[in-house]
Amino acid sequence: MSRAYGSSATLLLKRETVYGSPASGNYTRMPFNSCSLGSEQGLIDDPVLGQGRDPLAPLQDVINDEGDIIVPVDPRYLGFWLTGLFGDPASTDNLDGTFDHVFASGADVLPSYSIEVGMAQVPAFFMHAGVVLNSIALEFQRSGAAAATINAVAQGETRNATTQGGTPTTLAFSRISQFQGSITKAGQPVGNLTSGSLTYSNNLEKIETIRSDGLIEGADPTVAALTGRIDVRFADTGLIDDAAGGTPVDLEFGYTLNAGSKVLFTAHEVYLPKPKLAVDGPGGVQASFDFQGAKNDAAGRMLTVTLINDLDGTEYA
């Protein structure tokens with residue numbers, strides 16, 4: 001008897017034409033570190049009395065299909081996830097073999113995807129239809145592999161005995177390390193930085209209408225949120241002065257493989273809280289700032305993501 005192993009699992013993705021209707025044709029095979037996207041259906045205790053002390057059979061509850069997908073930060077594949085989070089990019093040919101793909105926060109309408117998680121040994125292929133991306137979270141550290149956590153909400157899951165992804169296509173895969181990351185303020189590196197994080201969320205609202213199949217009607221974006229944290233060794237009062245004065249700053253989080261392969265998250269207006277500086281021992285004193293982003297009037301948005309790679313952008317449409 002064959003058993004399923006993560007080392008042999010596949011994750012296929014394709015954009016849907018109609019929300020909740022699995023996409024047809026050839027999917028794209030996506031690299032991933034882990035995936036908890038899955039459907040679950042709870043049980044409800046039967047409230048009926050008068051049938052003795054032993055309980056009657058429980059009732060089935062509604063279906064919830066959501067979870068996190070942790071993916072490597074790759075300058076080509078990341079464009080699929082960014083399109084799901086922000087909508088279609090504005091792509092520009094740099095006339096040197098590279099293209100700029102610019103994504104803007106605050107889109108009113110987001111695309112939906114079909115995602116198949118396959119385990120060929122069983123065999124079982126779980127097709128998730130109506131997948132809308134809720135958030136992306138990035139952790140910046142000194143070492144390790146760069147990864148992004150994508151939170152997704154799907155309408156429902158169907159299990160098939162064979163793959164529904166056709167003949168999957170693949171792209172050239174480029175790995176990015178944490179040491180290739182950077183965080184800048186007003187175009188200059190944040191001094192004495194030890195770690196940082198960034199989370200953008202669409203704050204999806206599930207439309208939980210009454211349906212005989214127990215599925216949601218959809219998932220719509222509400223007020224977006226941009227939050228994060230930067231940890232620095234206390235060496236000057238610049239950031240604390242900004243925090244105490246309520247002065248907004250611009251922060252840019254990025255990963256650069258080379259000049260033609262990079263991704264930049266530009267937060268145009270960030271507000272820093274005034275942190276408490278605690279001396280915990282003889283070691284260095286550290287300050288942590290849990291920031292919040294807001295819409296910048298000049299930029300017309302809260303966050304701009306610029307992805308540079310060698311794709312013309314038709315793969316993301």
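This is a short walk through one chain, from its overall build to a few strands and charged pairs.

Okay, before we start: this is a predicted model, so local features need pLDDT of at least 70, side-chain atom pairs count only at pLDDT 80 or more, and totals for chains, interfaces and linings use all residues. Residues are numbered from 1 along each chain as its sequence is written, and side-chain values use heavy atoms, with hydrogens and water left out.

So, the big picture. The chain has two helices and 21 strands; here helices (H or I, at least four residues) and strands (E, at least two) are DSSP runs, numbered from the N terminus. Along its principal axes, the C-alpha trace spans about 70 × 60 × 45 Å. There are 317 residues in the chain, and 41% of them are buried. By buried I mean under 20% relative accessible area, with exposed being over 50% and partly exposed in between, for a 1.4 Å probe and protein chains only.

How about contacts, meaning heavy atoms within 4.5 Å? Take the ones between residues at least 6 apart in sequence: 70% of those join residues at least 24 apart.

Now let's look at β9, residues 124-140. Is this strand mostly covered or mostly open? Mostly covered: 14 of the 17 residues in β9 are buried. Let's go through its partners, where two strands pair if DSSP finds at least two bridges between them.

Start with β8, residues 113-119, which pairs with β9 in the antiparallel sense over six bridges. A hairpin of four residues takes you from β8 to β9, and glutamate 116 has methionine 127 of β9 as its bridge partner. That methionine 127 also has a bridge partner in β11, namely threonine 158. β11 covers residues 156-160, and it is antiparallel to β9, with five bridges.

Next comes β10, again antiparallel to β9, with six bridges. β9 and β10 make a hairpin with six residues between them, and glycine 144 in that turn has a positive phi of about 115°. Serine 143 sits in the loop between β9 and β10 too, and this serine is exposed, at 52% relative accessible area. If you want a ruler on the screen, the C-alpha atoms of serine 143 and leucine 251 are 21 Å apart, with their positions 108 residues apart along the chain.

Keep an eye on leucine 138. Leucine 138 stands opposite alanine 148 in β10, and in β14 its bridge partner is leucine 198. β14, residues 193-201, pairs with β9 in the antiparallel sense over six bridges. Another pair you can click on there is alanine 137 with threonine 199.

From β14 we can step across to β17, residues 225-233: the two run antiparallel and are joined by eight bridges. There, serine 195 stands opposite aspartate 231.

And aspartate 231 brings me to charges. In general, side chains of opposite charge can pair when their charged atoms come close. For a salt bridge, we ask for a side-chain nitrogen of Lys or Arg within 4 Å of a carboxyl oxygen of Asp or Glu. How many does the structure hold? Eight salt bridges.

One of them joins aspartate 231 to arginine 229, with the closest N and O atoms 3.0 Å apart. Aspartate 231 is buried at 9% relative accessibility, while arginine 229 is partly exposed at 32%. Elsewhere, salt bridges that share partners join Arg211, Asp213 and Glu217 into one network. Within that, glutamate 217 and arginine 211 have their closest N and O atoms 3.1 Å apart. Glutamate 217 is partly exposed at 40%, and so is arginine 211, at 28%.

Which distant parts of the chain does the pair of aspartate 310 and arginine 76 link? Aspartate 310 is in the segment after β21 (303-309), arginine 76 is in the loop between β5 (59-72) and α1 (78-86), and they are 234 residues apart. Their side chains meet in a salt bridge at 3.0 Å, N to O. Arginine 76 is buried, at 13%, whereas aspartate 310 is partly exposed, at 38%.

Last stop: β12, residues 181-185, runs antiparallel to β18, residues 249-258, with five bridges. Isoleucine 183 has phenylalanine 253 as its partner in β18. β12 also has two bridges to β13, residues 188-189, again antiparallel, and lysine 185 stands opposite glutamine 188. In their hairpin, which has two residues between the strands, alanine 186 takes a positive phi near 55°.

Methods. Contact = heavy atoms within 4.5 Å.
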